[in-house]
Amino acid sequence: MRIIDLRSDTMTQPTESMRRAMAEAKVGDDVFGEDPTVNRLEEMAAERLGKEAALFVTSGTMGNLVSQLAHCGRGDEIILGGQAHTFFFEQGGSAAVGGIHPRTVPNQPDGKLALEDIEAAIRGDNIHFPKTRLIILENTHNLCNGSPLDTDYMKSVGDIARRHQLKIHVDGARIFNAAVALGVKPKDLAAEADSVSFCLSKGLAAPVGSVVCGTKDFINEARRARKILGGGMRQAGVLAAAGIVSLNEMVERLAEDHANAKKLAKGLAEMPHISINPDHIHTNIIFFDITREGIKPEKFVQEIDAAGIRMLPVGAQKVRAVTHYHITSEDIDQALDVISKVMSK
Ligand SMILES: Cc1ncc(COP(=O)(O)O)c(C=O)c1O
């Protein structure tokens with residue numbers, strides 16, 4: 001039975017051309033700055049995001065953590081969404097490791113933080129308060145239906161940050177999805193950000209790795225933070241080689257993943273006892289609610305799994321599905337067929 005795995009775009013396997021590039025990669029000791037393939041990936045990433053420099057790190061979690069450690073000191077405060085991956089799913093790393101204090105504001109359904117909420121959360125000069133240093137935005141926003149944040153919104157947040165001398169970090173794990181969905185360049189989405197971290201190992205299908213981009217000074221600090229976290233890798237060019245293929249070959253095709261997600265959302269919207277608004281789906285992540293009494297997401301997921309369809313139960317009623325490189329339009333037909341049978345049992 002073919003397994004159609006819609007649990008996450010992290011399920012992607014390296015392509016043939018990645019495997020070849022990995023086998024043939026020229027490598028050196030990257031902690032000495034001597035791995036030519038890592039250096040090449042970092043140059044390419046910096047160029048794509050419109051920044052001076054970049055740093056290859058093991059994961060999105062490490063990318064976000066080294067960025068926070070580079071921007072903030074102990075006792076500084078960051079403003080971020082209550083649904084932010086950095087807040088929700090990264091073990092509170094910046095507090096645990098860096099003594100950085102998180103201040104959450106609500107995410108709007110489209111992943112944005114309301115501008116007035118950001119303004120209201122910024123601390124004044126008062127001996128009782130921590131110092132606000134950083135705003136973190138997530139683009140696309142995982143828990144908010146993979147919503148992309150557009151350049152107008154980024155400009156508005158940029159204005160606030162400048163007025164209050166704050167930095168902006170973008171958790172751009174899927175910023176290439178955002179750029180493709182909005183028809184803009186990643187560097188346009190990153191223009192207001194002091195730092196951006198993006199993942200190679202999600203929709204871009206590399207086996208491992210993320211890249212952080214920013215000024216040279218910021219990257220020097222992030223490199224120090226990476227080292228103390230044990231993230232200084234040696235002949236990491238074997239991994240970076242796959243990342244180079246990601247940037248060269250895997251970006252434009254993300255549009256297919258978005259079309260498949262939309263198709264899945266539209267198909268689900270037509271089924272009884274499933275609630276989803278396809279108009280809210282712009283990239284590769286969809287969430288839907290099972291509204292039928294007696295079918296909890298865990299049971300639903302078990303039943304479709306028995307027919308080769310994998311999704312993630314994520315709440316009392318919610319299920320998540322993510323499209324990616326290994327999912328075809330026919331797979332979506334198959335998934336819809338299985339779901340329709342399970343729901344009409
Ligand atoms: C928005 C977002 N940021 C960061 C991460 C963390 O990436 P990693 O799993 O590589 O640590 C994820 C992972 O799913 C994510 O969705």
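**Note on the ligand site, a buried lysine and the salt bridges**

1. An oxygen atom of the ligand is placed 2.6 Å from an N or O atom in the side chain of Thr 61. The model under review is predicted. Two further polar approaches deserve attention: a nitrogen atom of the ligand stands 2.7 Å from an N or O atom in the side chain of Asp 171, and an oxygen atom of the ligand is 2.8 Å from an N or O atom in the side chain of Lys 202. The ligand, taken alone, exposes 390 Å², and the protein buries 83% of that area.

2. Which residues surround the ligand? The surrounding set consists of Ser 59, Gly 60, Thr 61, Asn 64, His 85, Glu 90, Glu 138, Asn 142, Asp 171, Ala 173, Arg 174 and Lys 202.

3. Lys 202 merits a separate comment. This residue belongs to the loop between strand E7 (195-199) and strand E8 (210-214). Lys 202 is buried and yet has no salt bridge. The nearest side chain of opposite charge is that of Asp 9, at 6.2 Å; a salt bridge requires a nitrogen-to-oxygen separation within 4 Å. Not counting residues up to four places away in sequence, Lys 202 touches Asp 9, Thr 10, Thr 12, Ala 173 and Arg 174. Ala 173 and Arg 174 are also among the residues that surround the ligand.

4. Is His 324 buried or exposed? His 324 counts as buried because its relative accessible area is 2%, and the limit for that class is under 20%. The residue is found in the loop between strand E13 (318-322) and helix H14 (329-343). Its contacts, leaving aside neighbours within four places in sequence, are Asp 5, Ser 8, Asp 9, Met 11, Thr 12, Arg 253 and Asp 257. Asp 9 and Thr 12 are likewise touched by Lys 202. In addition, His 324 and His 258, though 66 residues apart in sequence, have C-alpha atoms 8.5 Å apart in space.

5. The count of salt bridges comes to 23. One of them joins the side chains of Asp 29 and Arg 234, with an N to O distance of 3.2 Å. Asp 29 sits in the loop between helix H1 (16-24) and helix H2 (36-49), and Arg 234 in the loop between helix H10 (216-228) and helix H11 (237-249), so the pair ties together parts that are 205 residues apart in sequence. Asp 29 is buried, at a relative accessible area of 17%, whereas Arg 234 is partly exposed, at 38%.

6. Arg 123 and Glu 77 form another salt bridge, their closest N and O atoms being 2.7 Å apart. This pair links distant parts of the chain, 46 residues apart: Arg 123 lies in the loop between helix H6 (115-121) and strand E5 (132-138), and Glu 77 in strand E3 (residues 77-81). Arg 123 is partly exposed, with a relative accessible area of 23%, while Glu 77 is buried, with a value of 0%. A network of salt bridges links Glu 77, Arg 103 and Arg 123.

7. A salt bridge within one helix is formed by Arg 162 and Asp 159, whose side chains meet at 2.9 Å, N to O. Both residues lie in helix H7 (residues 151-163), three residues apart, which is about one turn of the helix. Asp 159 is classed as partly exposed because its relative accessible area is 41%.

Key:
Residues numbered from 1 in each chain as written. Predicted model: local features only at pLDDT ≥ 70, side-chain atom pairs only at ≥ 80, totals over all residues. Heavy atoms only, no water. Helix = DSSP H or I, 4+ residues; strand = E, 2+ residues; numbered from the N terminus. Buried < 20%, exposed > 50% of the residue type's maximum accessible area, 1.4 Å probe, protein only. Lys, Arg positive; Asp, Glu negative; His and termini not counted. Contact = heavy atoms within 4.5 Å. Near = heavy atom within 4 Å. Polar contact = N/O pair within 3.5 Å; in protein donor to acceptor, adjacent residues only side chain to side chain. Areas by Shrake-Rupley, 256 points an atom, 1.4 Å probe, with all protein chains shown as cover.
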